[in-house]
Amino acid sequence: MSTEIYSKVIYQSEFKQIRMTISEFKDVEYIHFREYFQDFDEDWKPTNKGVHIPFEIDSSKELFRGISEVLSLAENKEVIEEYFSEIIREAYTK
């Protein structure tokens with residue numbers, strides 16, 4: 001049985017959540033990303049959709065690096081769309 005150390009809902013819609021949790025199992029800490037659904041009693045239950053990796057310094061650094069890169073790309077996309085959307089629209093309507 002694993003011991004939950006930390007849990008945070010990182011996405012939620014009406015009947016679905018995605019949670020990030022950190023738990024310990026057999027003296028190894030893991031970080032999990034798992035989808036939950038709301039049952040008829042309005043309790044949140046885990047699905048089999050998810051992933052976990054050992055919560056170590058190297059895997060945590062790579063996870064942080066990946067999230068930083070994705071956020072940077074999203075920010076760049078937003079800037080490009082804001083300043084160049086008219087030019088792009090014109091180029092595709094000719």
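Begin with the whole protein chain in a secondary-structure view: this predicted model contains 1 helix and 4 strands. Followed from the N terminus, the elements appear in the order β-β-β-β-α. With the full chain still selected, consider its overall extent. The radius of gyration is 19 Å, well over the 12 Å given by the globule rule for 94 residues, so the chain is more spread out than a compact globule. The C-alpha trace spans about 60 × 40 × 15 Å along its principal axes.

Next, select the strands. They form an open sheet of 4 strands, ordered E1-E2-E3-E4, and the pairing is antiparallel. Strand E1 (3-12) and strand E4 (44-54) lie at the edges; each has a single partner strand, so one side of each has no neighbour in the sheet. From one strand to the next, the twist averages 25°. As background, strands of a sheet pair through backbone hydrogen bonds, in either a parallel or an antiparallel manner.

Now restrict the selection to strand E3, residues 28-38, together with E4. These two strands pair in the antiparallel sense over 8 bridges. To locate one residue pair, highlight Ile-31 and its bridge partner in E4, Ile-53.

Finally, return to the whole chain and colour the residues by accessibility. Buried residues account for 15% of the 94 residues. A surface display may be added here: the accessible surface comes to about 8,100 Å², and carbon and sulfur atoms contribute 56% of that area. If contacts are displayed instead, consider those with a separation of 6 or more: 18% of them join residues 24 or more positions apart.

Notes: Residues numbered from 1 in each chain as written. Predicted model: local features only at pLDDT ≥ 70, side-chain atom pairs only at ≥ 80, totals over all residues. Heavy atoms only, no water. Pairing = 2+ DSSP bridges. Axes fitted to C-alpha atoms, helices over the stretch in contact; angles between N-to-C directions. Rg over C-alpha atoms; globule rule 2.2 N^0.38 Å. Buried < 20%, exposed > 50% of the residue type's maximum accessible area, 1.4 Å probe, protein only. Contact = heavy atoms within 4.5 Å. Areas by Shrake-Rupley, 256 points an atom, 1.4 Å probe, with all protein chains shown as cover.
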